[in-house]
Amino acid sequence: LVDQAYESIVKLLTSDWMLPERGSNGIDRQHREMSRIRQIYVPELILRLHIMLYSSRECIPGSVLFALPLTRAPDSPHLSDRNLKVALELANIVADSQYKLYDDFLHQDERRLGEYLGAVR
């Protein structure tokens, strides 16, 4: 379930969803509406995904997508901190200038960005 959530959310965040089409009438209004929707939901999705990955780091030893070979002992730190590594990879996706997800954090007096950075620490 954690893997499905991660895969689906990252796919959504790294696609061109909710971007206004060029050349359409009312693009300024549509752009403002889409930007506002992204400003509300993108930070929320990222924060919740990070919290889910961080909280499950010890409960769920590894994941289907990211699991290491099961030849290691179940208490191996390489398995138990896999979701933590994935949570840190999410921070790299947020910081990536290709996706500019960090922009969606900046429009609420930077409170959400501070909240996210605090969670990543």
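**Helix packing around H4**

In this predicted model, arginine 57 sits over the face of tyrosine 54, and 3.9 Å separates it from the ring centre. As for rings paired with other rings, a search through the whole structure turns up one aromatic pair.

Tyrosine 54 also shows up in a helix contact, so that is a handy place to go next. Two packed helices are described by the angle between their axes and by the distance between those axes. For helix H2 (residues 27-55) and helix H4 (residues 82-95), the axes come within 8 Å and cross at roughly 160°. Angles over 145 degrees count as roughly antiparallel, so H2 is roughly antiparallel to H4. The crossing of H2 past H4 is left-handed. On the H2 side, the contact is made by Ile46, Leu49, His50, Leu53 and Tyr54, while H4 brings in Asn83, Leu84, Val86, Ala87, Leu90 and Val94. Sorted by character, the residues of this contact come out as nine nonpolar, two polar and no charged.

H4 has another partner to look at, helix H1 (residues 2-13). Here the packing angle is about 10°, and the axes are 12 Å apart. Angles under 35 degrees count as roughly parallel, so H1 is roughly parallel to H4. From H1, the residues making the contact are Val2, Tyr6 and Val10; from H4, they are Asn83, Val86, Glu89, Leu90 and Ile93. The split in this contact is six nonpolar, one polar and one charged.

Put side by side, the two contacts share some H4 residues: Asn83, Val86 and Leu90 touch H2, and Asn83, Val86 and Leu90 also appear in the contact with H1.

Notes:
Residues are numbered from 1 along each chain as its sequence is written. This is a predicted model: local features need pLDDT of at least 70, side-chain atom pairs count only at pLDDT 80 or more; totals for chains, interfaces and linings use all residues. Side-chain values use heavy atoms; hydrogens and water are left out. Axes are lines fitted to C-alpha atoms, for helices over the stretch in contact, and angles run from 0 to 180 degrees between N-to-C directions. Helices (H or I, at least four residues) and strands (E, at least two) are DSSP runs, numbered from the N terminus. Angles under 35 degrees count as roughly parallel, over 145 as roughly antiparallel, 65 to 115 as roughly perpendicular and the rest as oblique. A crossing is left-handed if the near helix is turned anticlockwise from the far one by less than a right angle, and right-handed if clockwise. Contact means heavy atoms within 4.5 Å. Ala, Val, Leu, Ile, Met, Phe, Trp, Tyr, Cys and Pro count as nonpolar, Asp, Glu, Lys and Arg as charged, and the others, Gly among them, as polar. Rings of Phe, Tyr and Trp (its six-membered ring) pair if their centres lie within 6.5 Å; planes under 30 degrees apart count as stacked, over 60 as edge-to-face and the rest as tilted. A charge sits over a ring if NZ of Lys or CZ of Arg is within 6 Å of the ring centre and within 35 degrees of the ring normal.
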